[in-house]
Amino acid sequence: MRNGTSMQFDQILQYTLSGLSTGAIYALIGIGFSIIYNSTGIINFAQGEFVMLGGMLTLFFINLLQLPLWAAIPCAVFCATLAGLLFERLAIRPLRRPTPLNLVIITIGGSILIRGISMLLWGKDTHSLASFSGDDPIALGGATLLPQHLWILGITLVIIIANKFFFYHTISGKAMRACSYNSRAAGLVGIDVRRMVLFSFVISSAMGAVAGIIVAPLTMTSYDVGVMLGLKGFCAAIIGGMSSGMATVVGGVLLGVLESLGAGLVSSGYKDAIAFIILLLILLIRPQGLFGKAEAERV
Amino acid sequence: MLELSAISQVFGGVTALKDVSFNVARGEITGVIGPNGAGKTTLFNIISGIYSQSSGTIALEGKDVSRATPDRLARLGMVRTFQNIELFGAMTVRENVMVGLHSRSSSGLLACSLKMPWSLREEKRIRAEALKWLEFTGIADLADSIAGNLPFGKGRLLEIARALAVEPRIILMDEPAAGLNSRETLALAQLIRRIRDMGITIALVEHDMELVMDICDRIVVLNLGMKLAEGTPREIQENHEVIAAYLGDDD
Amino acid sequence: MLRLKNINTYYGKVHALKNVSLHLGEGEIVTLIGANGAGKTTILNTISGVTPAASGELIFEKDAIATLGVDRIVKLGISQVPEGRQVFKPLSVEDNLELGAYLRYRGREGKEAIRQDRDQVYALFPRLKERRKQQAGTMSGGEQQMLAIGRALMAKPRMLLLDEPSMGLAPLVVQEIFRVLETLRRERGTTILLVEQNAKAALRLADRGYVLETGKVILEGPASELMENADVKRAYLGKDKKEIWER
Amino acid sequence: APSLKIGGLFAVTGPAAFLGEPERNTAMMVVSEINRAGGIRGQKLELVVYDTAGDATKAVQLANKLIKSDRVMAIIGPSTTGESMAVIPVAERGRVPLISCAAGIKITEPLKKWVFKTAQNDSLAVIRIYEHLKKQRLQRVALLTVSDGFGASGREQLKAQAARYGIRIVADDTYGPKDTDMTSQLTKIRGLKPDAIICWGTNPGPAVITKNARQLGIKTPLFMSHGVSSKKYIQLAGKAAEGVKLPSGRVIVADQLPASDPQKRSLIAFVKGYERYYKAEGDHFGGHAWDAVMLLKGAFERGATTPAAVRDQLENTRQFHGIGGSFTFTSRDHAGLGKDAFVLVEVRKGDWAIVK
Amino acid sequence: MKRELIKFLLFCLLVLVAPLALDGGYLLNVLLFVGINTMLAVALNLLLGYAGQISLGHAGFFGLGAYLSGILTATYGMNPWLVMPLAALVVGILAWAIGFPVLKLKGHNLAMATLGLGIIIYIVFNETVDYTGGPSGFSGIPSLSLGGIVFDSDLKSYYLIWCFALLVILFSVNLANSRIGRALRAVHDSEVAARVMGVNALLLKVQVFTLSAVICSLAGSLYAHTVTFVSPASFGFNFSIELLTMVVIGGLGSIYGSFLGAALLTLLPEFLRAAHDYDIIIYGALLMLMVMFMPGGLVRGVPDLIRRIRSAKGGTGHA
Ligand SMILES: Nc1ncnc2c1ncn2[C@@H]1O[C@H](COP(=O)(O)OP(=O)(O)OP(=O)(O)O)[C@@H](O)[C@H]1O
Ligand SMILES: Nc1ncnc2c1ncn2[C@@H]1O[C@H](COP(=O)(O)OP(=O)(O)OP(=O)(O)O)[C@@H](O)[C@H]1O
Ligand SMILES: [Mg+2]
Ligand SMILES: [Mg+2]
């Protein structure tokens, strides 16, 4: 018989691990938000739909075309990316007055549209996707993880590192950031702003799709999973100060862990409220995001 | 009028101002000059309450205003203009000036939304007065244009009109002549003198030495965040340190 | 090298440029002078494609460029120091400069050459080097102006459009900048179109000049002639003011 | 002859679409079958369906529309308890009988003159589970319910009935309808060592919970609600579902029923019909709509020609063997079902099996 | 000034006669919700269109008003007319208190904070089951009555709700055209300049935020007494987003625009109902098209469109 404290410890370990893996999902989706934000200044409310498309398209290729998982995944990512590309070309680019709020409404409209089409195509049912490498739990101390969690953590890590490198250490990445801060000046140094915007939609929809695919085995998927996941990803991105790197990951993980600890230790009903209250406090104390440098507005 | 003592400001690792003290005398035009990045704008930002200094105190007419907010300072009679003009771009020129009159009107939220007679009367007064200031600065013909579309120089004049509408006792101007050509600069000099003659104290930052030497009663020179010199235009022009750091040799 | 023929540009209903024609020869320095709102900035923006012309011809080395996008025009070798600095505020000083050379990076030009140019900019504006990690938006007004000029230089343009480069700069720095423009033309043969409120200094540097009034070219000629022109003198040069530009 | 017009309010889209869609499909199917067979006493049955998207405000607007513009004789639906509660005053005021397809006991208790329901009360499902627990001498129970109308109403009943069966509730946790990971709640529950875990929710939550429980190595018997009594749940939860028990209407085990079962004929007709029309498995949610249309059909056949008469005739329903159970409405009971409406089933080898 | 008054009176007339044209049908019921949504959209527009401060939590204030009215009248038997201002007061105090820290935030941080606020309020509705009935909702709210008239029919409720809506519109139009409205727009354009001009920007923002919340609360109370049932689902994040859409589609910074936005987004689903399963797709596509072709909102886009059609016609006439 184990004693009470070690029980407690095991539980807290489990809460934390669970929170970590949910958080990684939020982070991955959050990074999708930040990429578009960082290169266009748009908060893309349709980001969650690309997450949904990732999962649903993979299923589509597996079920209807009988492809194996490893072949279905690239196909799904490709199609979702194509959707992102079309979205930018057909909805964002033609905008005559691209104010931030107009763009928000466009992306809201886009998300409704994508969700609606998916609903018509694939119905309203929830579907499950097989895990990449089995469902046998892995014990870690007194807690357990699934192999899929490791996939999520691993892929998230790879993507963040790639992002960090791209946006902060390559000229194209810096150019993309420059576009959002001052698109006129970006044009004046020879950056093709429209191409950059397109490109940012391409990578973020691809990333959203990847996120959707790797989480589907755990969370299941249906035409409307994008709403909640998108919302959480959005929160993660903001806590991270809309950075496309580590800060958003910390944001997502924080959100995940807070939810998980809240549900386990305080009240499962109020867990989201607890998470949001803490986030609000963080926001009020550090409005620039957890790691953001204070952006001095000068005159 | 305005007393600064030992103002320091640190941003992260950068010391933008270090122990700057000087006074602005009532009714005078005081110029603040210095190389780029000397800390002039920072100093104005601190005086006008936009930044909060790391240390040091500010007194306005003997009253301690070291931590006062910009809106409180405006009500105490201090107002400023900006280096990169900050207009209310979506509003008309007249409306811009009417905002300047905000602190000199008082109808509350309820009175406004219920259209109480006194708030209507007040609104009428504000409109008329705004026009007066536009006439004073010579841009009354632009009253109904959208401020955001003004050419730079007119924008500067609008900023001044808007500031005057607050009926300040002291105005801080940050590079009022930037973007003006020589003739326009001359006109500006006239305008500034007229403002001084109304009894308003003026402090200004400027790189146009002709203007500064022409209109200032006293000049303070900042360099690398510290006060380098202070004196009459003549004294400053002959100060070797100032010449080396800022003015450059004339011959 | 560049020729504008009967250019008309509008902002909504505002007719900002009315049948403007002007030209620049290879390696020439040309200045535009005119009062506030005369349309100087608009001319530069029309050339660089920021505010495309409604009608008229815009020819750069025999190619019509009036309909090209901003970035395509930059690719031809035309670089602009825009009015109001327009630096990338949240990016560091160094990143701003690097982005100035964006096309050179894309053109697979050696990193070494670009670095050398950056060092030259740093030598010109030591303050930028001191603050290379600072966010551009937190720099002082004059420092940002230096950055904007440095950024345009980083592109190694064949033609440089400058919109009031001296604005907000200390007298010493202004002298320095005018000297650099001179050197650029001499050593690289850069063609320069300069808009400057300090008409006297501008005319002294320039070969030719155009005088603008309410969107129209009202006068043009060699700089020395304009400097002697009575109207110009009265309107833009001031009378007998002390010349701090002189050395 | 003019047609008999009835209205349907179903949450065809939105979070409760898993209810509304089969309900609408079934209602349309039954109506067209009836009409194909010649209608009712020579009159065609006409069904006007609106989608409430699970939104109470919309449901109220649409109920108004059915009564005022479409002038229907009766309304079937809405799908959820919340919407039903919102629509009740409209039906009462408009004097049109409403046959709700939602399970909440509040809908017909206290009795409302114009309101009936076909979905089995949650309490019946709870009783089914508790009786089983009592027999197995499992007393310490952990609850994990979804925080929506379905879960809330189940939770209320689970707590209310516990004492009567000598059951102690040791944990009372909830999860959000869109949550994707419930290991925290389960970890906490695992620490309390209950004898059984009862989860009240609708897909996909319970499937996630089933998988999470397996991940955490929880061996405690796991009970679900009738909210997931369809093949879908087994598909989603996969192997982890093995051994999970839940109370269910008889639909999912129709073919396992003895021929003597009075409901069998209706059940087979419904399942076959749904398969033929929609190439999908009919579930007991669709069954609620099936029962509602058939109950109305009964009322019309007994001669009702006005909403008021339909209402009166509904109260005369005796021993109608439908999908949800055998209905007997009276002037004091508008729910009409006994506790035998549910059977307890278990997942065995990827399929449902009746627990004897 | 005069023109504003005439516009308002014309609008009143329109509201007055609309039911006659509709002959008491079902659309009347929808128009009643147009009234409620107009109040909400105008409230949000004061904040978003004038002060430039976003809120993704307004559904929360709406819900608070509705729940407070519902619970205090149905459970505690208080007089609805008494509860309505009381609820508004409570919501106002709440908004005031949280306004000070929250409105210091800008841009997406403000969006996030208000979003969080809305979600917290929503969770409270869900979890305080003993008071609110939790997710299944709260029923049995009495209809309003005034001197013997019970507002239980659509027609009566219509006039009642529109009375309030018109007052809110009048109130807001006046406010927008006053020094306060001007100061708000100034804060929107350049907060720092506004402060230098003596505008206490934070205080002003908090005042409008509070006012806006109070209007939402009033709308909530009316909603509760009209529908007589409330459930958390009506006050979630989605509804906040819908309000935002109404304001933007209608036209930022235009009070009548907010009415147009509210009317369109409330009526649209009714017309799309005929498209059955495709309605949601059409709805999404229409939102996008509207922003594309009327980027300034309906209030500027519609006259523009009419003008263009007219000039096109005129053009062919000449030819
Ligand atoms: N965005 C705009 N919208 C409307 N009108 C504009 C806009 N920008 C400039 N204008 C108008 O176009 C005309 C020319 O402006 P421009 O900025 O080219 O003048 P400028 O000669 O550069 O003046 P300055 O010396 O002040 O910089 C002015 O009358 C100005 O009011
Ligand atoms: N928020 C900040 N973070 C870091 N450094 C800052 C910040 N604000 C100002 N500085 C630095 O402080 C110094 C003073 O800046 P300030 O704007 O006061 O200069 P200035 O005298 O107005 O110069 P100019 O004549 O060019 O306008 C500059 O070197 C600037 O880079
Ligand atoms: Mg400065
Ligand atoms: Mg200009």
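Which chains, among the seven pairs that touch, have the most contacts between them? The pair is A and E, where contact means heavy atoms within 4.5 Å.

The model is predicted, so local features need pLDDT of at least 70 and side-chain atom pairs count only at pLDDT 80 or more, while totals for chains, interfaces and linings use all residues. Residues are numbered from 1 along each chain as its sequence is written, chains are lettered from A and ligands numbered from 1 in the order in which they are written, and side-chain values use heavy atoms, with hydrogens and water left out.

**Exercise 1. Chains that do not touch**

Find how far apart chains B and D are, and do the same for chains C and E.

Solution. Step one: chains B and D do not touch, and 31 Å separates their nearest C-alpha atoms. Step two: chains C and E have no contact either, and their closest C-alpha atoms are 15 Å apart.

**Exercise 2. The build of chain D**

Describe chain D by its elements, its extent and its surface.

Solution. Step one: count the elements. Chain D has eleven helices and 14 strands; helices (H or I, at least four residues) and strands (E, at least two) are DSSP runs, numbered from the N terminus.

Step two: test the chain against the globule rule. The radius of gyration of chain D is 20 Å, close to the 21 Å that the rule gives for 356 residues, so chain D is as compact as a globular protein of that length. The radius is taken over C-alpha atoms, and the rule is 2.2 Å times the number of residues to the power 0.38. Along its principal axes the C-alpha trace spans about 65 × 40 × 35 Å.

Step three: look at cover and contacts. In chain D, 67% of the 356 residues count as buried; buried means under 20% relative accessible area, exposed over 50%, and partly exposed in between (1.4 Å probe, protein chains only). Of the contacts between residues at least 6 apart in sequence, 68% join residues at least 24 apart.

Step four: turn to the surface and the charges. Chain D exposes about 12,300 Å², and carbon and sulfur atoms supply 50% of that area. Accessible areas come from the Shrake-Rupley method with a 1.4 Å probe. The 50 positive and 33 negative charges of chain D have mean positions 3 Å apart. Lys and Arg count as positive and Asp and Glu as negative, without His and the chain ends.

**Exercise 3. Two magnesium sites**

Name the protein donors of ligand 3 and ligand 4, and place them in their chains.

Solution. Step one: take the magnesium ion that is ligand 3. B:T41 (OG1) and B:Q83 (OE1) coordinate it at 1.9 to 2.2 Å. B:T41 sits in helix 1 (residues 40-47) of chain B and B:Q83 in the loop between strand 6 (78-80) and helix 3 (93-100), 42 residues apart. Both B:T41 and B:Q83 are buried. Donors are N, O and S atoms within 2.8 Å of the metal (3.2 Å for Na, K and Ca); water is not among the atoms, so sites may look incomplete.

Step two: take the magnesium ion that is ligand 4. Its protein donors are C:T41 (OG1) and C:E83 (OE), at 1.8 to 2.1 Å. C:T41 is in helix 1 of chain C and C:E83 in the loop between strand 6 (78-81) and helix 3 (93-100), so the pair ties together parts 42 residues apart in sequence. C:T41 is buried, with a relative accessible area of 17%, whereas C:E83 is partly exposed at 26%.

Step three: check the helix that holds C:T41. In helix 1 (residues 40-47) of chain C, eight of its eight residues are buried. C:G49, with a positive phi near 85°, follows this helix.

**Exercise 4. Backbone exceptions**

Locate two cis peptide bonds in chain D and two residues with positive phi that are not glycine.

Solution. Step one: recall the usual case. Most residues other than glycine have a negative phi, and most peptide bonds are trans.

Step two: find the cis bonds. The bond from D:G77 to D:P78 is cis, with omega near -5°; D:P78 is in the loop between strand 3 (74-76) and helix 3 (81-94). The bond from D:E109 to D:P110 is also cis, with omega near 0°.

Step three: find the positive phi values. B:E61 has a phi of about 50° and is partly exposed, with a relative accessible area of 30%. C:T214 has a phi near 35° and is exposed, at 52%.

Methods:
The place of a charge is taken as NZ of Lys, CZ of Arg, CG of Asp or CD of Glu.
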